[in-house]
Amino acid sequence: MIRLSHITSYLTCPRLAYYRYHFGEEIFSERQAVREIYLSLRRGLGTDWAKQRILATNKNFKDEIFERALNKFVFSKVLEDLRCLDWDVVFTSEDLGVSLLVDEIVEFREERFPLFVSLNAPKEGVWLPDQIRAGVSALITNLNRTIIYYAYSGEIRVVDASIGVRRRALKLIERLKMIKNGFMPKRNETNYCKLCSFAEDCKQTPETFASKFL
Ligand code: SF4
């Protein structure tokens, strides 16, 4: 099944999404650290518990990544206004063939929102991956508005899943379906290539005519 993380990987590099979909990749990122810190603090369980959660589920835990995230993390008072209904919730749409892990479901003024934790806030609005998270989430949960918690500034931003946002999310799902069917996207050389665990294979894998459509 296509996961939300495959879809957001596509935004980093379409070919990376191919590799992650077909071969998997267990990484430990700053975003994962921030997410676990958020979930533990929201339950009043402290940051040691966040570390335990990661150690239990991710064998690539790195202390320096966790400490970096912890040093920048802001636990804002505005979160007190959001009533937690559930957390770490998986939604699946058999029709779309997509599954989605929502960090938290919250209630504010009698409206339910999926909430995702992110790192630095842009000057205004939200980053594209966060907009896509909101779009995919709306397609699967039917909750039209999503909250993004920018953990390094303690800001909350709300994304409306407009028709345009949903359409963009659908288009990415379609691209992932093509990848699932074996289409290999073209290379997208960026700074990320220096960190990419698939770099060697990627260099040796030629583009095909079909790559141009991804
Ligand atoms: S090496 Fe670069 S182009 Fe190739 S999959 Fe990784 S990020 Fe994409």
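This is a short tour of a predicted model, one selection at a time.

**Stop 1: the whole chain**

Start with everything shown as a cartoon. You should be able to count eight helices and six strands. Follow the chain from its start and the elements come in the order β-α-α-α-α-α-β-β-β-α-β-β-α-α. The radius of gyration is 18 Å, close to the 17 Å that the globule rule gives for 214 residues, so the protein is as compact as a globular protein of that length. If you turn the model along its principal axes, the C-alpha trace spans about 55 × 40 × 35 Å.

How much of the protein counts as buried? Of its 214 residues, 32% do. The contacts also reach across the sequence: among those between residues at least 6 apart, 68% join residues at least 24 apart.

**Stop 2: the nonpolar core**

Nonpolar side chains in soluble globular proteins tend to be buried together. Here, the largest nonpolar core has 49 residues. To find its best-connected members, select Ile-7, Val-136, Tyr-149 and Leu-176, which have the most contacts inside that core.

Now keep just Ile-7 and light up its partners. Which residues does Ile-7 touch, if you skip those up to four places away in sequence? They are Ile-2, Ile-132, Val-136, Leu-172, Ile-173 and Leu-176. Two of these, Val-136 and Leu-176, should look familiar from the list of best-connected core residues.

**Stop 3: two helices side by side**

Select 4-12 for helix α1 and 14-23 for α2. A packed pair like this is described by the angle between the axes and the distance between them. For α1 and α2, the axes come within 5 Å and cross at roughly 150 degrees. Show side chains to see who makes the contact: His-6, Ser-9, Tyr-10 and Thr-12 from α1, with Pro-14, Leu-16, Ala-17, Arg-20 and Tyr-21 from α2. Sorted by class, that contact has five nonpolar, three polar and one charged residues.

**Stop 4: around the ligand**

Stay with α2, and bring the ligand into view. There are 13 residues around the ligand, and Cys-13, Arg-15, Cys-193, Cys-196 and Cys-202 come nearest. Which helix gives the most to this shell? It's α2, with three residues. Colour α8 (199-204) as well, since α2 and α8 each supply at least two residues of the shell. By class, the shell has nine nonpolar, one polar and three charged residues.

**Stop 5: a buried arginine**

Next, select Arg-35, in helix α3 (residues 30-42). Is Arg-35 buried or exposed? Arg-35 is buried, because 25 other C-beta atoms lie within 10 Å, and 20 or more is the cut-off for that label. Beyond its neighbours within four places in sequence, Arg-35 is in contact with Asp-103 and Val-117. Add Val-117 to your selection: Arg-35 and Val-117 are 82 residues apart in sequence, yet 5.8 Å apart in space from C-alpha to C-alpha.

**Stop 6: two loops**

Finish with a pair of loop residues. Glu-110 sits in the loop between β3 (98-108) and β4 (111-118). Its phi is near 65 degrees, a positive value in a residue other than glycine. Glu-110 counts as exposed, because it has 6 C-beta neighbours inside 10 Å.

Then jump to Asn-142, in the loop between α6 (128-141) and β5 (145-150). Asn-142 is not a glycine, but its phi is positive too, at about 65 degrees. With 9 other C-beta atoms within 10 Å, Asn-142 is exposed.

Notes. Residues are numbered from 1 along each chain as its sequence is written. This is a predicted model: local features need pLDDT of at least 70, side-chain atom pairs count only at pLDDT 80 or more; totals for chains, interfaces and linings use all residues. Helices (H or I, at least four residues) and strands (E, at least two) are DSSP runs, numbered from the N terminus. A residue is buried if 20 or more other C-beta atoms lie within 10 Å of its own, exposed if 12 or fewer, and partly exposed in between; C-beta atoms are placed from the backbone. Two residues are in contact if their C-beta atoms, placed from the backbone, lie within 7 Å. A residue is near a molecule or strand if its C-beta atom, placed from the backbone, lies within 6 Å of it. Ala, Val, Leu, Ile, Met, Phe, Trp, Tyr, Cys and Pro count as nonpolar, Asp, Glu, Lys and Arg as charged, and the others, Gly among them, as polar. A nonpolar core is a set of buried Ala, Val, Leu, Ile, Met, Phe, Trp, Tyr and Cys residues joined through C-beta atoms within 7 Å. The radius of gyration is taken over C-alpha atoms; the globule rule is 2.2 Å times the number of residues to the power 0.38. Axes are lines fitted to C-alpha atoms, for helices over the stretch in contact, and angles run from 0 to 180 degrees between N-to-C directions.
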